[in-house]
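Please open the model in your viewer and keep the selection panel at hand, since each stop on this tour begins with something to select.

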Amino acid sequence: MEFRDMRRFKQALDKKTCIDILTAATRGTLAVLGDGGYPYTVPMNFVYDSGKIYFHCALSGHKLDAINACDKVSFNVLGTPEKKNPADWWYYVKSVTVFGRASVVSDGEEKVAALTKLGNKYFPDKSQVAPDIERNISRTNVLCLRIEHMTGKQVEEK
C-alpha cells in the first residue's frame with residue numbers, strides 16, 4: 001500500500017525525532033476497526049523497539065477481536081507539550097502517527113522479551129519485572145505492531 005504524503009510537510013518531523021518521541025512517551029492511542037465497522041480507540045502503555053511497538057493486554061476483548069478480524073491498525077502518541085514563552089497561552093506539540101499490522105505474539109521468547117521491555121519502562125523497581133511476568137504471563141497477551149509507515153508533526157496550537 002502507498003501511504004499519503006503529509007499535507008503540511010513543513011511541520012513534518014524526521015524519523016529520529018519520531019523514534020525519540022515513541023521512546024519517551026508513556027501512553028498512546030491504538031485505533032482498530034471495531035464492531036460494525038466503527039473505529040475503536042483505546043489508550044495503551046507501550047514500548048517501542050526497533051521498528052515495532054509492543055503492548056500487553058488481556059486474553060480476550062474488543063481490541064483482540066478487532067485485530068483478529070483486521071490486522072491493520074494505527075497508533076498515535078503526543079509528545080510533551082512545550083511553551084516557548086511562559087507568557088503565551090499556546091503550546092508547541094509534537095505527535096507521531098504509526099500505521100502497521102498488529103498481531104498477538106505467539107513466540108514465548110519474544111513475549112517474555114517484550115514484557116521485560118515493558119516492565120523495565122514502567123516499573124519503578126526493576127527487580128519486580130521478572131517476578132511479575134512469571135506471575136501474570138499465563139493471563140497476558142502481548143501485541144506486536146509492525147510499523148509500515150510513520151509520520152511526525154509539530155504544531156503550534158494558537
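Which strands does helix H3 (residues 108-122) lie across? In this predicted model, H3 lies across S3, S4 and S7, and the helix runs at about 85 degrees to S4.

**The sheet**

Select the strands next, and follow them in the order S2-S1-S5-S6-S7-S4-S3, which makes up an open sheet of seven strands with antiparallel pairing. S2 and S3 stand at the edges with a single partner strand each, so that one side of each is left without a neighbour in the sheet. As you step from one strand to the next, the twist averages 30 degrees.

Three of the pairings can be examined in turn. S1 and S5 run antiparallel and are joined by three bridges; to find one of the partners, select Thr29, whose bridge partner in S5 is Asn76. S6 and S7 are also antiparallel, and they pair over 13 bridges, with Val96 standing opposite Gly152 in S7. S4 pairs with S7 in the antiparallel sense over six bridges, and here the residue to select is Tyr54, whose bridge partner in S7 is Cys144.

**The cores**

Now show the side chains of Leu22, Leu30, Phe46, Ile53, Phe55, Phe75 and Leu145, which, of the 25 residues in the largest nonpolar core, touch the most other members. Helix H1 (15-24), S1, S2, S4, H2, S5, S6 and S7 each supply at least two residues of this core. Apart from this core lies another, of 10 residues, and among them are Val47, Val105, Leu118 and Val129.

Phe55 deserves a selection by itself: leaving aside its neighbours within four places in sequence, this residue is in contact with Leu30, Met44, Asn45, Phe46, Phe75, Leu118, Asn141, Val142, Leu143 and Leu145.

**Helix H2**

Move next to helix H2 (residues 62-69), and colour Lys63, Leu64, Ala66 and Ile67, which are buried. Why do these residues fall on the same side of H2? They cover an arc of only 160 degrees around the axis, which puts them on that one side. In general, an α-helix has 3.6 residues a turn, so residues three or four places apart point the same way. Displaying the surroundings of H2 shows that its buried residues pack against strand S1 (28-33), strand S2 (39-44), strand S4 (52-57), strand S5 (72-78), strand S6 (92-104) and strand S7 (141-156). If you turn the view to the face directed away from this buried side, you come to the exposed residues Asp65, Asn68 and Ala69.

**Three loop residues**

Finish with the loops, beginning with Asp35 in the loop between S1 and S2. Asp35 counts as exposed because its relative accessibility is 55%, and a distance drawn from its C-alpha atom to that of Ser106, 71 residues apart from it along the chain, comes to 24 Å.

Ser50 lies in the loop between strand S3 (47-49) and S4. Its phi is near 50 degrees, a positive value in a residue other than glycine, and Ser50 is exposed, with a relative accessible area of 65%.

For the last stop, select Trp89 in the loop between S5 and S6. Is this residue buried or exposed? At 60% relative accessibility, Trp89 counts as exposed, and its C-alpha atom is separated by 37 Å from that of His56, which is 33 residues apart from it along the chain.

Methods. Residues are numbered from 1 along each chain as its sequence is written. This is a predicted model: local features need pLDDT of at least 70, side-chain atom pairs count only at pLDDT 80 or more; totals for chains, interfaces and linings use all residues. Side-chain values use heavy atoms; hydrogens and water are left out. Buried means under 20% relative accessible area, exposed over 50%, partly exposed in between (1.4 Å probe, protein chains only). Helices (H or I, at least four residues) and strands (E, at least two) are DSSP runs, numbered from the N terminus. The arc is that of the directions from the helix axis to the C-beta atoms. Contact means heavy atoms within 4.5 Å. A nonpolar core is a set of buried Ala, Val, Leu, Ile, Met, Phe, Trp, Tyr and Cys residues joined through side-chain atoms within 4.5 Å. Two strands pair if DSSP finds at least two bridges between them. Axes are lines fitted to C-alpha atoms, for helices over the stretch in contact, and angles run from 0 to 180 degrees between N-to-C directions.
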